[in-house]
Amino acid sequence: MAVEAKDVVVIGGGFAGLAAGVALAEKGFRVAVLESKPGLGGRACSFTEPTTGDFVDNGQHVLMGCYHETLRFLDRIGARDRLIFHRRLEIEMLDGPGRRATLRTSRLPGPFHMTGALLRYRHLTIRERIRLMLGGMRLMRLRRRERERLARMSVAELMDLLGQGARARQCFWYPLALATLNDDPELASAALLAEVLKRGFFSRRSDSAFVYSRVGLSDLYCGAASSLIDRAGGVVAPRAIVDGLEFDDSGRIATVRLRDGGRLGAANFVAAVPPQNLLKLLPEAAVADPFFSRLQALQSSPIVCVHLWLDREVTDSAFVGFIGTTTQWLFNKRRIFERHGERAPGYLSFVISGARKLVESSNDELAAIVINDLRAMIPAAREARVLKAIVIREKHATIAPDPLSDRSRPAVVTPIDNLFLAGDWIQTGLPATIESAVTSGHAAASAIAARVGA
Ligand SMILES: Cc1cc2nc3c(=O)[nH]c(=O)nc-3n(C[C@H](O)[C@H](O)[C@H](O)COP(=O)(O)OP(=O)(O)OC[C@H]3O[C@@H](n4cnc5c(N)ncnc54)[C@H](O)[C@@H]3O)c2cc1C
């Protein structure tokens with residue numbers, strides 16, 4: 001088939017590739033999304049576990065009301081009703097067995113809703129809460145006036161600057177930084193934390209609320225995005241491994257070369273794959289270009305998730321933050337998912353972000369850490385029998401959020417005229433999250449539309 005100006009090949013079927021594909025399809029482009037794996041979804045996917053019949057996400061994913069681009073994408077594909085929206089931010093934090101305090105925003109309009117949450121946070125003394133609130137406000141000023149300074153600083157250094165003591169770090173700042181940036185506060189960039197705080201906590205009240213999927217992650221968006229692209233005359237092809245990009249004499253990409261020997265031409269191309277995969281697709285001469293060579297500086301940071309099935313339910317909460325244990329978050333899948341397997345009454349998922357020191361541990365060791373932490377924090381779990389455990393290690397869960405990596409993140413437009421990039425690792429100003437992935441996918445689609453004059 002002859003290549004037309006409106007033909008676009010998108011490589012990668014995760015959030016970024018599918019968001020780009022959907023946006024392009026809606027703009028009248030004929031899109032082919034090529035995904036190497038048998039299933040779509042990349043790092044945000046799920047499967048049905050055969051013995052329990054439950055959905056298992058590769059790891060619990062939490063969205064927030066401030067994920068405007070993601071919610072727009074889910075609206076476009078008709079998937080918004082598969083989400084659970086909290087009305088306001090409400091996070092239960094456990095500091096020991098039964099020692100709980102809730103970060104709950106007040107009814108005041110944003111950003112003042114946050115002051116109520118911080119001033120009522122019982123894990124801290126009144127003095128610590130006031131200092132925490134003043135620290136948050138000072139950070140918002142630094143974000144406006146001294147972005148460059150924040151961009152060179154780690155979260156831990158920022159805490160020194162804001163005069164935050166050990167308790168405030170342990171009970172608020174570090175859990176927040178680990179959950180949203182996915183790395184050790186000694187390494188993670190202060191500028192990224194400032195952005196999270198601004199968008200998620202110091203904006204509109206609804207922006208702060210947690211949002212998560214009531215179905216397995218793949219069922220949330222993969223099929224619906226694929227159908228929209230199909231209906232618009234495009235195609236979404238799993239098991240299509242792209243092995244390389246082939247250039248014409250003018251230095252533009254002419255075709256992608258597939259592992260099965262096939263080739264596919266298009267007028268424009270979006271690489272929505274992680275940076276290490278992108279570098280493998282490019283010829284050596286292109287990798288020598290500073291735009292691409294600096295991508296080699298991007299490091300990654302792991303996440304460990306442990307899913308446990310128990311012979312009983314041990315908590316009514318949908319999710320709980322653990323303070324002072326290796327395990328950081330518990331998600332109660334019986335409260336979150338709308339469909340359940342029949343075999344086990346209790347089903348909990350645990351997340352350990354920034355898990356550099358744990359990622360090489362064995363499954364048994366990781367499950368034991370989580371079970372110990374669960375029993376330490378929730379006494380009702382001490383009597384419960386563990387029926388099944390699944391450990392999922394994502395070694396390259398996200399790019400590392402350190403200042404150097406953050407500076408090395410590229411834009412969607414590349415020096416190659418018809419190659420555009422998308423992915424959570426693109427410079428969106430956000431940490432590597434779903435919102436960053438979708439934002440970059442939409443930006444790539446807009447850049448192509450602008451180029452083609454659509
Ligand atoms: C355990 C875990 C928990 C997380 N929790 C959260 C959270 O709570 N909130 C949040 O916002 N974010 C979270 N994230 C981050 C989020 O998952 C990612 O930001 C997002 O999924 C990235 O999407 P992407 O499309 O950029 O990349 P990917 O999902 O990696 O998609 C890239 C796709 O390209 C495909 N591909 C690669 N090479 C080729 C090739 N040569 N040919 C064809 N296809 C190829 C891959 O198979 C993959 O499907 C979490 C991530 C993990 C791992």
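Here, a residue counts as near a molecule if its C-beta atom, placed from the backbone, lies within 6 Å of it. Keep that in mind for the first exercise, and remember that this is a predicted model.

**Exercise 1. Work out how many residues surround the ligand, and where they come from.**

Step 1. Start with the count: 36 residues surround the ligand. The closest are Gly12, Gly14, Gly42, Gly59 and Thr433.

Step 2. Now ask which elements give two or more residues to this shell. They are helix α1 (15-26), strand β15 (300-310), strand β19 (386-399) and helix α16 (434-452).

Step 3. Sort the shell by class. You get 17 nonpolar, 13 polar and six charged residues.

Step 4. Finish with the domains. Domain 1 (7-49 + 215-298 + 404-452) and domain 3 (300-399) each supply at least three residues to the shell around the ligand.

**Exercise 2. Find the strand order of the seven-strand sheet, then say which strands stand at its edges.**

Step 1. Read across the open sheet: β8-β7-β16-β17-β18-β15-β19, with mixed pairing.

Step 2. Look at the two ends. β8 (100-104) and β19 each have a single partner strand, so one side of each has no neighbour in the sheet.

Step 3. Check the twist. Ignoring direction, neighbouring strands here are turned by 25° against each other on average.

Step 4. Zoom in on one pair. β7 (residues 90-94) and β8 are antiparallel and share five bridges; within this pair, glutamate 92 has threonine 102 in β8 as its bridge partner.

**Exercise 3. Trace the three-strand sheet and locate the glycines with positive phi in its hairpins.**

Step 1. Get the order first. This open sheet runs β11-β12-β13, and its pairing is antiparallel. β11 and β13 are the edge strands, each pairing on one side only. From one strand to the next, the twist averages 25°.

Step 2. Take β11 (residues 242-247) and β12 (residues 253-258). Five bridges join them. In β12, valine 242 is partnered by leucine 258, and glutamate 246 by threonine 255.

Step 3. Look at the turn of that hairpin. Five residues lie between β11 and β12, and glycine 251 in the turn has a positive phi of about 85°.

Step 4. Move on to β12 and β13 (residues 263-265), which three bridges join. Here valine 256 has leucine 264 in β13 as its bridge partner. Four residues separate the strands of this hairpin, and glycine 261 takes a positive phi near 95°.

**Exercise 4. Decide whether each helix pair is roughly parallel or roughly perpendicular: α1 with α9, and α4 with α7.**

Step 1. Know what to look for. Two packed helices are described by the angle between their axes and the distance between the axes.

Step 2. Try α1 and α9 (residues 217-231). Their axes come within 9 Å and cross at roughly 30°. Angles under 35 degrees count as roughly parallel, so α1 and α9 are roughly parallel to each other. Their crossing is left-handed.

Step 3. Now α4 (residues 126-145) and α7 (residues 166-181). These pack at an angle of about 65°, with their axes 10 Å apart. The range from 65 to 115 counts as roughly perpendicular, so that is the verdict for α4 and α7. The crossing of α4 and α7 is right-handed.

Definitions and conventions
Residues numbered from 1 in each chain as written. Predicted model: local features only at pLDDT ≥ 70, side-chain atom pairs only at ≥ 80, totals over all residues. Pairing = 2+ DSSP bridges. Helix = DSSP H or I, 4+ residues; strand = E, 2+ residues; numbered from the N terminus. Nonpolar A, V, L, I, M, F, W, Y, C, P; charged D, E, K, R; others polar. Domains from an automatic or database assignment. Axes fitted to C-alpha atoms, helices over the stretch in contact; angles between N-to-C directions. Parallel < 35°, antiparallel > 145°, perpendicular 65-115°, else oblique. Left-handed = near helix turned anticlockwise from the far one by under 90°.
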